[in-house]
Amino acid sequence: MSGNGKRDVVWADGLRGIASVLVVTAHISRSLAPHLLSPAMSEKLPPMLFQLPFLRCLLMGRASVAAFALLSGYVNSLSAMKKSRAGNLDAALSGIAKSAFRRTGRFMIPAVLSTTLSWLMCQFGAYKVAKMASSSWIRDTSPEPSASFATAFYDLFYSLGRTWLDGANKYDKIQWTLTYLLQGSMMTYLTLFATVYVKPRWRMVILCGLYYFKWKGGDSVVGFNIFMGILLADISLDSDLIASIGAYPYLQSIFSASAIIVGLYFCSYPEDNPQWAGWSAGLEKLGRMMFPRGVEFARYYPALGVDILATGILFNTTAKKLLSHSFFCWMGKLSWPIYLLHAPMIRTVLTYVLFGFSVRPSQGKDENGNELPPGWLPLANRWVCVFAIPLFYVFLYRVANLWAVYVDPFCGRVTQWFEDLVFRDDSKVMQEKPLLLS
């Protein structure tokens, strides 16, 4: 396992790309087949194919959020750790400060633009069909147009602010994760700043303590995943540790493969009705012994599973080569646009195709003879879904690619302009004489 060069992050890009497409798959399945959130059709009926462990990972989105957090900690800490290990502490500290600033801009500006796009779509009635669809997830995540022109702008700025306060963005409710992921990034930089002078082995001990602190505190959204990502980055750069593990290739292969299998098994834990299947009921019993009291198992299990899975991948050469494939890396480069754009596209393009050509069924009359409101628009037939959903993925990635080509560079230029405006010139700082205190 190499601890140098660009290969440190290539596999991480591939894993991020897979996580992003699984977020889309999870929201589509939640919209069209919410019964797949359970491990079986009922307590007495057998499971469907994608309700089985491992296969259901393809439809579970919570593990993807945990993966984003872990990879954020991993990727954002590599550069500073390399410089710290090389003894270049001033460059490490400077890089941490600038990276924290850039991360904020490159995180917030695209989110603002995507929310504004969803707001425009809402005001012009693009979510009208979504509000009548028989899918409760699509209806619940589709906002109503504002009552007036002034109210529309108030609603926009209110949602933009709430995104970073408590995640309550009415125009794109899946952005609730962004405030946690940004907090996780800042935890990464703060941890790096606090430990830049610490010896690498002792930094690992500190990171294990921080992981345990977040574990006991119930922070399963990003908390302990962030510190696992930093810890894995530190391990990947420790050549002595890697050499010691590599001296036993057979045991390394068994450990890494077992970790990948156990991680995927934990990620399979269902959101609803775990008691309906023997395997998930067993995990529920194990969780009562393993997890802190009062936590949500449906979040803890995917988060823990991602930590174990990533550890297995780090020590598995075959898995890293697979994730480093150019296709997965391409998906990884589009992961941020995919995350920002997929929900508005589901509520418009996919919803129009799957529900827009249906007719709302009549509900008849009430006991007083008055017409009842018509029912929700039914889902199109099976064959329309079979062809429309794959084509939607093609369309979504095409739009995401355009975003990556035109919008992301613009956001980068804005962030760079603001950085140049507010940061001091390094060359001038070096020329300044230190202030002597006597």
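Which side chains does a polar contact of 3.0 Å join? In this predicted model, the contact joins the side chains of T163 and N169. The structure also holds 13 salt bridges and 30 aromatic pairs. The points below treat the charged pairs, the polar contacts, the aromatic rings, the loop between α1 and α2, and the backbone in turn.

**Salt bridges**

- Side chains of opposite charge can pair when their charged atoms come close.
- Within helix α1, D13 and R16 are three residues apart, and therefore about one helical turn separates them. The two residues form a salt bridge whose closest N and O atoms are 2.8 Å apart. Both D13 and R16 are buried.
- R62 forms a salt bridge with E271, with 3.6 Å between the closest N and O atoms. Because R62 belongs to helix α2 and E271 to the loop between α10 (249–267) and α11 (278–290), this pair ties together parts that are 209 residues apart in sequence. R62 is buried, and E271 is buried as well.
- R102 forms a salt bridge with E419, and here the closest N and O atoms are 2.9 Å apart. Since R102 lies in helix α3 (residues 89–123) and E419 in helix α16 (residues 382–422), the pair ties together parts that are 317 residues apart in sequence.
- The two partners of this bridge fall into separate accessibility classes: R102 counts as partly exposed, at 29% relative accessibility, whereas E419 is buried, with a relative accessible area of 5%.

**A network of charged residues**

- A network of salt bridges links R30, R62, E271, E296 and R299. The pair of R62 and E271, with its closest N and O atoms 3.6 Å apart, is described above.
- R30, another member of the network, is found in helix α1. With a relative accessible area of 23%, R30 is partly exposed.
- R30 and M60 are 30 residues apart in sequence, and their C-alpha atoms are 9.1 Å apart in space.

**Polar side-chain contacts**

- T163, one partner of the contact named at the outset, lies in helix α5 (residues 149–165). T163 is buried, its relative accessible area being 1%.
- A second polar contact, of 3.2 Å, joins the side chains of T115 and Q175. T115 has its place in helix α3 and counts as buried at 1% relative accessibility.
- Helix α3 thus appears under two topics, because R102, the partner of E419, also lies in this helix.

**Aromatic rings and the charges over them**

- Ring pairs link nine residues' worth of side chains into a cluster made of Y211, W215, F224, F266, Y269, F291, F297, Y300 and Y301.- R139 lies over the face of W376, at 4.1 Å from the ring centre.
- R347 lies over the face of Y127, and its distance from the ring centre is 4.8 Å.

**The loop between α1 and α2**

- L49, F50, L52, L55 and L58 make a nonpolar surface patch of about 400 Å².
- L52, one of the patch residues, is found in the loop between α1 (7–32) and α2 (62–85). L52 is partly exposed, with a relative accessible area of 32%.
- F54 is also found in the loop between α1 and α2. F54 is partly exposed, with a relative accessible area of 38%.

**Backbone with positive phi**

- F54 has a positive phi of about 75°, although this residue is not a glycine.
- N273 has a positive phi of about 50° and is likewise not a glycine. N273 is found in the loop between α10 and α11, the loop that also holds E271. At a relative accessible area of 25%, N273 is partly exposed.

Technical notes:
Residues are numbered from 1 along each chain as its sequence is written. This is a predicted model: local features need pLDDT of at least 70, side-chain atom pairs count only at pLDDT 80 or more; totals for chains, interfaces and linings use all residues. Side-chain values use heavy atoms; hydrogens and water are left out. Rings of Phe, Tyr and Trp (its six-membered ring) pair if their centres lie within 6.5 Å; planes under 30 degrees apart count as stacked, over 60 as edge-to-face and the rest as tilted. A charge sits over a ring if NZ of Lys or CZ of Arg is within 6 Å of the ring centre and within 35 degrees of the ring normal. Patches are made of residues with over 30% relative accessible area and no salt bridge: like charges are joined within 9 Å, nonpolar side chains (Val, Leu, Ile, Met, Phe, Trp, Tyr) within 5 Å. Accessible areas come from the Shrake-Rupley method with a 1.4 Å probe; for residues, only the protein chains shown count as cover. A salt bridge is a side-chain nitrogen of Lys or Arg within 4 Å of a carboxyl oxygen of Asp or Glu. Helices (H or I, at least four residues) and strands (E, at least two) are DSSP runs, numbered from the N terminus. Buried means under 20% relative accessible area, exposed over 50%, partly exposed in between (1.4 Å probe, protein chains only). A polar contact is a pair of N or O atoms within 3.5 Å; within protein, one must be able to donate a hydrogen and the other to accept it, and residues adjacent in sequence count only if both atoms are side-chain atoms.
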